[in-house]
Amino acid sequence: MSEEATIRTCQLLDLPWEDVLVPHILCYLPLQHVVSLQRVSKQFHSLVQVYLSNCRTFDPSPIGQSIPKEAFCSMLKDSKVLLRLSLQNCSDWVTDQELLPVIGQNQHLQRVEMSGCVWLTRHSLVAVSLSCAHLQHLGLAHCEWVDSLSLRSLADHCGGLQSIDVTACRQLKDDAICYLAKKCLKLRSLSLAVNANVTDESVEEVAKNCRGLEQLDLTGCLRVRNESIRTVAEYCPKLQSLKVNHCHNVTESSLDPLRKRNVVIDVEPPLQRALVLLQDVLGFAPFINLQI
């Protein structure tokens with residue numbers, strides 16, 4: 001057979017899988033298309049498994065729908081090199097039983113998104129803390145199973161943590177947040193939103209220990225007052241964003257110094273709020289020429 005005929009009969013799967021197909025072709029396809037390839041043939045099924053076992057990121061959210069439990073387990077059964085794991089499209093059903101093996105096999109994880117995973121327990125967070133020493137980003141929003149002991153375990157083993165979201169983790173109180181702040185000095189982004197247990201004690205401890213803090217979300221923390229916001233202004237020179245909506249004890253007297261540093265704050269100054277309210281009442285913008 002001539003060289004020209006050999007080239008004409010070369011098939012896609014004849015190319016080197018791990019050197020060509022996985023890093024230069026499959027990595028550019030949407031996840032749902034890659035998964036669909038498994039149904040083409042046994043060879044394509046094997047190729048996709050090789051691809052999935054070499055994935056650094058597992059994020060099914062672009063698919064736009066919840067993935068079945070069986071598909072999740074099948075896709076990650078051989079995975080050992082994940083750096084980023086997102087479970088948001090699995091939040092309706094994922095439990096410790098499905099997650100713990102994945103965490104145990106992927107000890108280089110840097111980013112884990114578990115927000116909204118209501119069927120997990122503290123055992124999953126402890127597993128993350130014990131297995132993922134390089135963890136930098138963790139999402140736990142609306143995970144009410146997060147308790148003080150599991151957060152302390154995280155703080156003890158993941159000192160390089162840079163961002164954590166514990167929005168609406170209502171079991172957490174000041175003692176756990178303060179412990180986290182003392183252990184995770186590299187925190188740059190922290191959300192304590194929607195937690196009535198958080199007081200000035202937590203916020204001040206975060207400010208004094210996490211001097212590189214850039215984003216702080218205190219939305220709905222009803223017990224936070226001006227005193228701790230002033231501490232944040234004093235100790236966090238890199239702060240870029242502060243959310244204090246529905247923090248009724250935080251007033252402009254503590255926010256104004258931050259505004260002068262161009263920190264983005266989700267609450268408008270009193271005069272601006274008054275003008276907006278007046279506009280809503282009158283139905284048009286009042287002709288007032290004021291510098292705000």
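Ala 141 sits in the loop between strand S4 and helix H8, the latter spanning residues 148-157, in what is a predicted model. With a relative accessible area of 7%, Ala 141 is buried, because that value falls under 20%. Leaving out residues up to four places away in sequence, Ala 141 touches Ser 115, Gly 116, Asp 165 and Thr 167. One of these partners, Thr 167, lies 26 residues from Ala 141 along the chain, and the C-alpha atoms of the two are separated by 4.4 Å.

**The chain as a whole**

The chain holds 13 helices and nine strands, and buried residues make up 44% of its 292 residues. If one takes the contacts between residues at least 6 apart in sequence, 71% of them join residues at least 24 apart.

**The nonpolar core and Ile 164**

The largest nonpolar core has 83 residues, and among these Ile 164, Leu 218 and Leu 242 touch the most other members. Helix H4, residues 42-53, supplies the largest share of this core, namely five residues. Which residues does Ile 164 touch, once those up to four places away in sequence are not counted? The leucines in its list are Leu 138, Leu 140, Leu 151, Leu 154, Leu 180, Leu 187 and Leu 190, and with them come Ser 189 and Ser 191.

**The largest pocket**

Ile 164 also appears in the account of the largest pocket, which has a volume of about 200 Å³. This pocket is lined by 17 residues, of which Ile 164, Asp 165, Ser 189, Leu 190 and Ser 191 are the closest to its centre. The elements that give two or more residues to the lining are strands S3 (111-113), S4 (137-139), S5 (163-165), S6 (189-191), S7 (215-217) and S8 (241-243). By kind, the lining divides into five nonpolar, seven polar and five charged residues.

**Helices H8 and H10**

In helix H8, which follows the loop that holds Ala 141, the buried residues are Ser 148, Ser 150, Leu 151, Ser 153, Leu 154 and Ala 155. The buried residues of H8 pack against helix H7, strands S4 and S5, and helix H9. Two of them, Leu 151 and Leu 154, are among the residues that Ile 164 touches.

In helix H10, residues 200-209, the buried residues are Asp 200, Ser 202, Val 203, Val 206 and Ala 207. Why do they lie on the same side of H10? They do so because the arc that they cover around the axis is only 165°. These buried residues of H10 pack against helix H9 (174-183), strands S6 and S7, and helix H11 (226-235).

**Residues in H4 and H7**

Gln 49 lies in helix H4, and at 10% relative accessibility this residue counts as buried. Apart from its neighbours within four places in sequence, Gln 49 is in contact with Gln 38, Ser 74, Lys 77 and Asp 78.

His 123 has its place in helix H7, which runs over residues 122-131, and at 48% relative accessibility His 123 counts as partly exposed. Residues up to four places away in sequence being left out, His 123 touches Asp 96 and Leu 100. Ser 150, one of the buried residues of H8, is 27 residues from His 123 in sequence, while the C-alpha atoms of the two are 7.8 Å apart in space.

**Two loop residues with positive phi**

His 246 has a positive phi of about 70° although it is not a glycine, and its place is in the loop between strand S8 and helix H12 (252-259). Asn 262, likewise a residue other than glycine, has a positive phi near 65°, and Asn 262 is found in the loop between H12 and strand S9 (264-265).

The relative accessibility of the residues described one by one is set out below.

| Residue | Relative accessible area | Class |
|---|---|---|
| Ala 141 | 7% | buried |
| Gln 49 | 10% | buried |
| His 123 | 48% | partly exposed |
| His 246 | 48% | partly exposed |
| Asn 262 | 67% | exposed |

Note on methods
Residues numbered from 1 in each chain as written. Predicted model: local features only at pLDDT ≥ 70, side-chain atom pairs only at ≥ 80, totals over all residues. Heavy atoms only, no water. Core = buried A, V, L, I, M, F, W, Y, C linked by side-chain atoms within 4.5 Å. Buried < 20%, exposed > 50% of the residue type's maximum accessible area, 1.4 Å probe, protein only. Helix = DSSP H or I, 4+ residues; strand = E, 2+ residues; numbered from the N terminus. Contact = heavy atoms within 4.5 Å. 1 Å grid on protein atoms, 1.4 Å probe; cavity = no way out; pocket = protein on both sides within 12 Å on 5 of 7 lines; lining within 4 Å. Points joined across faces, edges and corners; volume = space filled by probe spheres on them. Nonpolar A, V, L, I, M, F, W, Y, C, P; charged D, E, K, R; others polar. Arc of directions from axis to C-beta.
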